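Visitor: I'm new to this one. Could you walk me through how to read it, feature by feature?

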Protein chains: 2
Amino acid sequence: MTEETVFTYGAPQLKFGEGAADEIGYDLAQYGARRALVVTDPGVAATGGPQRIADAMKTYGIDADVFDGVHVEPTDASMRAALEHARANGPYDAYVAVGGGSSIDTAKAINLLTTNDGDLSEYLNPPVGAGRAPERPLLPLVAVPTTTGTGAESTTVCVLDVLELKVKTGISHPRLRPALAVVDPALTVSQPSGVTASSGMDIVCHALESYTARPYDSYERKSPEQRVPYCGANPVSDMWAERSLALLAKSFRTAVREGDNRQARADMALAATFAGLGFGNAGVHIPHANAYPIAGQVKSFRPEGYPDEEPMVPHGMSVSLTAPEAFRFTYQARPERHVHAAELLAPDLDRPNDPAEHLPRALLSLMHDIGIPDGIGGVGYTEGDVPALVEGTMKQQRLLATSPREVSADVIAEIFKRSIALW
Amino acid sequence: MTEETVFTYGAPQLKFGEGAADEIGYDLAQYGARRALVVTDPGVAATGGPQRIADAMKTYGIDADVFDGVHVEPTDASMRAALEHARANGPYDAYVAVGGGSSIDTAKAINLLTTNDGDLSEYLNPPVGAGRAPERPLLPLVAVPTTTGTGAESTTVCVLDVLELKVKTGISHPRLRPALAVVDPALTVSQPSGVTASSGMDIVCHALESYTARPYDSYERKSPEQRVPYCGANPVSDMWAERSLALLAKSFRTAVREGDNRQARADMALAATFAGLGFGNAGVHIPHANAYPIAGQVKSFRPEGYPDEEPMVPHGMSVSLTAPEAFRFTYQARPERHVHAAELLAPDLDRPNDPAEHLPRALLSLMHDIGIPDGIGGVGYTEGDVPALVEGTMKQQRLLATSPREVSADVIAEIFKRSIALW
């Protein structure tokens, strides 16, 4: 085997800080835009933030409509409806997504399908879709994350449920990446503590999974057309992950406890951005793969701080529940990294006798303190559910390929079983 | 005063590693390009690298011409000549700069003036020019640095000498930033050790100056149209600077001593890239401001490893000569940062009793070991030259504004006088 020698690193331009969201009109004008669509969900729209952003854009000569019909956890149907809205009210020459991953991903799909021909289904990742690549450039997309966690502002993917096939899949192409991420910590101050806890665990796992991901130079040498946005752990993604973990160590518990602590909110927003810039290039692995079925097969769990119309396991929570067990399994592939990550995330934790326990303990202590449920049992799963969960995980081969240790269905089953109760 | 709360961060996309330069044709095809101009200087052209890159591009259907007429230390005349060549042989739909800062900056000027109206002089920074902003988007520019140091692949500026006015100035606009930086350490293996030493000191100073720069939140709040690419030290530029210093500590002396040590070359290429991504957003200050007159007023100095047709002080060397004294002066503005930078750059150095001496000593030890001349006296200046040098520095107000401590002509004169001999 010829080892890979090349890594790639892509990122949106960044504007960070309180007040940054007021300047989007200026930034859009720099791209030559005059008419933009603001894409958001009803919950975020109700805060008034998206309309304020649209109004502020007018100061710089940008005419803006607000579309507030994004479905949280978007589906092919919800994305088609958003696309219909954009087509019926457009043409626009820029898009601004205000919200969590759902709004940002919906805007990516709108951007793709208003600039390129064909149907949504053709662009979906194989085997669900044909993995078609866009032929034409997309319009500038400005991503304004209001939930500190998803990292969607940095990534080249959009994730959706295909209703008829009951499968979560996505579209992945470098052109989907937003041109500019505007991160304004003031937009997250109203976030309930349960949401801060869950979405914060998403940040933690982005950082830990990209840091422990299979290294880019352990893969076989690729030709340029084989390169993928997620190229494995590399010196750039490592740096973002380490810095993100240090910020989380400093401010995660405080942000959950004191939602109006502006320094903690700013640190969390920065940690989310940094982790997104890291995993957006390195990739994530087992905890994120397990999160798909944990969220998708939910029974009756209703988390605090979220709308309670329907049962759900929030994304960050679903990612975190098997993380301690997953990192016990991956430990032996890169022991020193697992220990160093634990030291960054929990600098005050006593060093356990068994170094393989260091990172799991750091995670368990944090999850316990911020009110994450006690394992997948805490969100309603029993041992009888494990086979169906494993089946869901094994469909996420794109993510499992980034694991530093090879995984089988048996390994995943063990991880689920040991994650039924955590403490 | 209302303090600034916002910082900005922009960067090219990055492809890093041995063999990365062979894939440029594929990357250009992704931008929809079919005909590109490779811009380089005669010295780099003589290595055969630019022609090999142009030939490899054909594999991906890109037709490429090589222009090897870049003047090292470009002038308005040399840039106009390059522009004439591009106009006479174009139109092109992408540019590829292969070389040091001179080639990359010349390609930036060609890109600007083949996509936008008006004369070069209109775009120059005030007061020399009118600081005109480009109205139309530029073409994709791929920067392939072959000298590890300049950071031109990351920045939004191009620097040139205006011959008639005998002044060094530049053009500064976010649109000048290359779309993609392709950093292939294999391209630097042939670099003579004197060039590695000088250009490496440029990396060191990029990292140290951006790390000690006036922090972004100490400036007065700007409106979006007042924002400049160099926004002062911020959490993102700090991270790049710290990581760059750690790589330099590990590999700079080795790269000078053993030019064919591929790990050291790769570390230096990464250090240069990281430092460029940092200072390309934070800015640089006193050592870089002093470098302008040190290089510009050269008498008879001819450095080892450089073409000896004409006297010159290489850019990195000219930056480094006053750096120890400059950091003695700035120490009191941010003592803890100066000490931490010294610890990163020279982890094995004994801690001096006076912490203000820590960073200067780390620099002096390094400069001595790698054969940098003993101060500005070592490149031919005497105390009698100081007034003219000070005058040259004081013209660089854009850089001096980033100093963490306010500077006057008297301060600069003291720094020059104390830098006549260093050890």
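Guide: Sure. Let's begin with the domains: the centres of domain 1 and domain 2 of chain A, taken over C-alpha atoms, are 25 Å apart. Keep in mind that this is a predicted model.

Visitor: Which residues belong to domain 1 and domain 2 of chain A?

Guide: The domain assignment puts 19-183 in domain 1 and 190-418 in domain 2. UniProt, in an unreviewed entry, lists residues 13-185 of chain A as "domain: Alcohol dehydrogenase iron-type/glycerol dehydrogenase GldA". Over residues 13-185 the chain is 32% helix and 24% strand.

Visitor: How much area do domain 1 and domain 2 of chain A bury between them?

Guide: The size of an interface is often given as the accessible area lost when the parts come together. Here domain 1 and domain 2 of chain A bury about 1,500 Å², with 58% of it on carbon and sulfur atoms. Of the area that domain 1 buries against domain 2, A:Thr148, A:Gly149 and A:Lys168 supply 31%, more than any other three residues. In terms of contacts, 17 residues of domain 1 of chain A meet 21 residues of domain 2 of chain A.

Visitor: Now the sheet. In what order do the seven strands come?

Guide: As a general idea, strands of a sheet pair through backbone hydrogen bonds, either parallel or antiparallel. In this open sheet the order is β4(A)-β3(A)-β5(A)-β6(A)-β9(A)-β2(A)-β1(B), with mixed pairing. At the edges are β4 (63-67) of chain A and β1 (7-9) of chain B, each pairing on one side only. One pair to look at is β2 (residues 13-16) and β9 (residues 180-183) of chain A, which run parallel and are joined by four bridges. There, A:Phe16 stands opposite A:Val183.

Visitor: What turn lays chain B on chain A?

Guide: A turn of 180° with a shift of 0.0 Å along the axis does it, at an RMSD of 0.0 Å. That is the relation of a two-fold axis. The same surface serves both copies, as 100% of the contact residues of chain B recur in chain A.

Visitor: And the backbone: which peptide bond is cis, with A:Pro91 in it?

Guide: Most residues other than glycine have a negative phi, and most peptide bonds are trans. The bond joining A:Gly90 and A:Pro91 is cis, with omega about 5°, and A:Pro91 lies in the loop between α4 (76-89) and β5 (94-99) of chain A. Another cis bond runs from A:Pro126 to A:Pro127. As for phi, A:Glu73 is not a glycine, yet its phi is positive at about 65°; A:Glu73 lies in the loop between β4 and α4 of chain A.

Key: Residues numbered from 1 in each chain as written. Chains lettered and ligands numbered in written order. Predicted model: local features only at pLDDT ≥ 70, side-chain atom pairs only at ≥ 80, totals over all residues. Heavy atoms only, no water. Least-squares fit on C-alpha atoms with pLDDT ≥ 70 in both. Contact = heavy atoms within 4.5 Å. UniProt positions renumbered as here; feature names shortened; annotations may be inferred. Helix = DSSP H or I, 4+ residues; strand = E, 2+ residues; numbered from the N terminus. Pairing = 2+ DSSP bridges. Domains from an automatic or database assignment. Buried area = accessible area lost by both parts, 1.4 Å probe.
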